Amino acid sequence: MPLVCLKDFKAHARDRLSKSSWDFIEGVADEGITRDENIAAFKKIRLRPRYLRDVSEVDTRTTIQGEEISAPICISPTAFHGMFWPDGEVSTARAAQEAGICYITSTFASCTLEDIVASAPKGLRWFQLYVQSDWQLNKQLIQRVESLGFKALVITVDAPIVGKRREDIRNQLDLMKSLQLKNLRPPTERNSVPYIQSPPISTSFCWDNLSWIQSITQLPIILKGILTKEDAELAVEHNVRGIIVSNHGGRQLDEVPASIDALTEVATAVKGKIEVYLDGGVRTGTDVLKALALGAKCIFLGRPILWGLAYKGEDGIEEVLKILKNEFHTSMTLIGCRSVAEINRDLIQFSRL
Ligand SMILES: Cc1cc2nc3c(=O)[nH]c(=O)nc-3n(C[C@H](O)[C@H](O)[C@H](O)COP(=O)(O)O)c2cc1C
């Protein structure tokens with residue numbers, strides 16, 4: 001049977017993957033309240049279509065940080081793609097390049113950054129940094145990604161420590177054996193570090209340290225994981241260039257709001273001064289439309305990309321992206337928007353929010 005929606009890829013991945021790999025993708029902190037809420041909150045929002053507009057031509061293209069993407073649907077950073085497909089992130093990078101969208105590569109990639117870039121040299125890539133306690137290592141990594149042509153530095157702010165993921169703890173022995181980090185040593189050494197021996201993420205990193213990062217790189221800085229207006233205002237004050245409204249797919253602090261519920265607060269606070277994006281719970285074309293209507297410039301996908309990767313590697317991710325892009329195109333057509341610029345808050349029924 002053909003896979004026709006993102007949920008079908010999820011079912012396929014569940015059947016195909018080992019228990020520990022499946023649990024790693026699904027993984028949530030504590031009770032998983034936020035992960036489930038990410039999905040449920042989208043479904044509480046209703047749409048207000050406008051008819052009798054000429055929708056014979058509908059264009060899904062947009063830009064992020066000045067770069068064109070074929071649709072406002074990009075790839076969130078997720079760790080260890082080698083767990084789901086032999087080529088790991090190399091396949092992901094190729095699929096993103098083919099789709100004409102942005103791929104945020106994780107600090108915890110299972111391929112080297114050099115191999116990822118070589119596999120898809122024309123792709124738009126941002127690098128996600130888990131700020132390390134070792135500042136020299138941060139400097140090396142940042143300058144390495146800049147010279148490799150990554151176009152932005154995405155700093156994940158919601159993970160000074162790892163949330164309590166019950167299933168990963170239960171499966172620990174199995175999972176840890178296979179996980180190697182490939183980018184936490186200079187490329188000349190090419191040594192991978194077993195995940196269990198990886199250097200610690202910084203718990204002391206704070207707003208004041210941002211200027212040091214800005215002093216060593218020209219890359220625009222994007223903060224991933226902001227959920228409040230207070231932090232959004234601080235981000236603008238600190239010359240950050242974008243925010244990804246995110247709760248890490250419910251894997252960090254449980255019982256924070258769904259991303260889509262936090263979006264309005266953050267988008268209102270930045271007053272259009274910087275771009276705002278969203279990840280968490282996006283599974284259909286109407287979800288993409290709702291996120292854009294509430295102020296996101298584009299959305300990023302976490303788990304669905306891994307389901308696609310587990311299905312058929314590069315081709316599987318391409319299928320996931322194509323299906324979601326087609327659904328988004330259909331939603332735009334049916335709601336009466338010919339371009340992404342025409343998507344706005346009037347499309348949302350506020351009484352249901
Ligand atoms: C298996 C897995 C690994 C992840 N690894 C990272 C990571 O290395 N860095 C990071 O900033 N976020 C990571 N995340 C969070 C994602 O970037 C993203 O915020 C989340 O998956 C979005 O929600 P969604 O899965 O509902 O699309 C990971 C998420 C998953 C599911």
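Which residues of α2 are buried? This tour of a predicted model begins with the whole chain and reaches that helix at the second stop.

**First stop: the whole chain**

Display the protein chain as a cartoon. Its secondary structure amounts to 13 helices and 14 strands. The radius of gyration is 19 Å, close to the 20 Å that the globule rule gives for 353 residues, so the chain is as compact as a globular protein of that length. Along the principal axes, the C-alpha atoms occupy a box of roughly 60 × 50 × 40 Å.

Next, switch to a surface display. The accessible surface of the chain is about 15400 Å², and carbon and sulfur atoms account for 50% of that area. Of the 353 residues, 55% count as buried. Contacts also link distant parts of the sequence: among those between residues at least 6 apart, 72% join residues at least 24 apart. If the charged residues are coloured by sign, there are 43 positive and 44 negative charges, and the mean positions of the two groups lie 2 Å apart.

**Second stop: helix α2**

Select residues 19-26, which form helix α2. Seven of these eight residues are buried, so the helix is largely enclosed by the rest of the structure. The opening question can now be answered: the buried residues are Ser20, Ser21, Trp22, Asp23, Phe24, Ile25 and Glu26.

**Third stop: aspartate 30**

Move along the chain to aspartate 30, in the loop between α2 and α3. Its phi is positive, at about 50 degrees, although the residue is not a glycine. Is aspartate 30 buried or partly exposed? With 31% relative accessibility, aspartate 30 counts as partly exposed.

**Fourth stop: isoleucine 39**

Continue into helix α3, residues 33-43, and select isoleucine 39. This residue has 32% relative accessibility and therefore counts as partly exposed, the range for that class being 20% to 50%. Now add valine 282 to the selection. Isoleucine 39 and valine 282 are 243 residues apart along the chain, yet their C-alpha atoms are separated by 7.1 Å. Leaving aside neighbours within four places in sequence, isoleucine 39 is in contact with Gly281 and Arg283.

**Fifth stop: leucine 321**

Select residues 303-335, helix α13, and then leucine 321 within that helix. Leucine 321 has a relative accessible area of 5% and is buried, because the cut-off for that class is under 20%. Show its surroundings as sticks. Apart from neighbours within four places in sequence, leucine 321 contacts Ile73, Ile75, Ala95, Ala99, Ile101, Leu301 and Ile305. For a distance across the model, draw a line to methionine 83: the C-alpha atoms of leucine 321 and methionine 83 are 20 Å apart, with their positions 238 residues apart along the chain.

**Last stop: histidine 248**

Finally, select histidine 248, in the loop between β11 (242-245) and α11 (259-270). An unreviewed UniProt entry carries the annotation "active site" for His248. Which residues does histidine 248 touch, not counting those up to four places away in sequence? They are Tyr130, Thr156, Asp158, Ala159, Arg165 and Lys224. Histidine 248 itself is buried, with a relative accessible area of 11%. Its backbone also deserves a look: phi is near 65 degrees, a positive value in a residue other than glycine.

Technical notes. Residues numbered from 1 in each chain as written. Predicted model: local features only at pLDDT ≥ 70, side-chain atom pairs only at ≥ 80, totals over all residues. Heavy atoms only, no water. Helix = DSSP H or I, 4+ residues; strand = E, 2+ residues; numbered from the N terminus. Rg over C-alpha atoms; globule rule 2.2 N^0.38 Å. Buried < 20%, exposed > 50% of the residue type's maximum accessible area, 1.4 Å probe, protein only. Contact = heavy atoms within 4.5 Å. Areas by Shrake-Rupley, 256 points an atom, 1.4 Å probe, with all protein chains shown as cover. Lys, Arg positive; Asp, Glu negative; His and termini not counted. Charge placed at Lys NZ, Arg CZ, Asp CG, Glu CD. UniProt positions renumbered as here; feature names shortened; annotations may be inferred.
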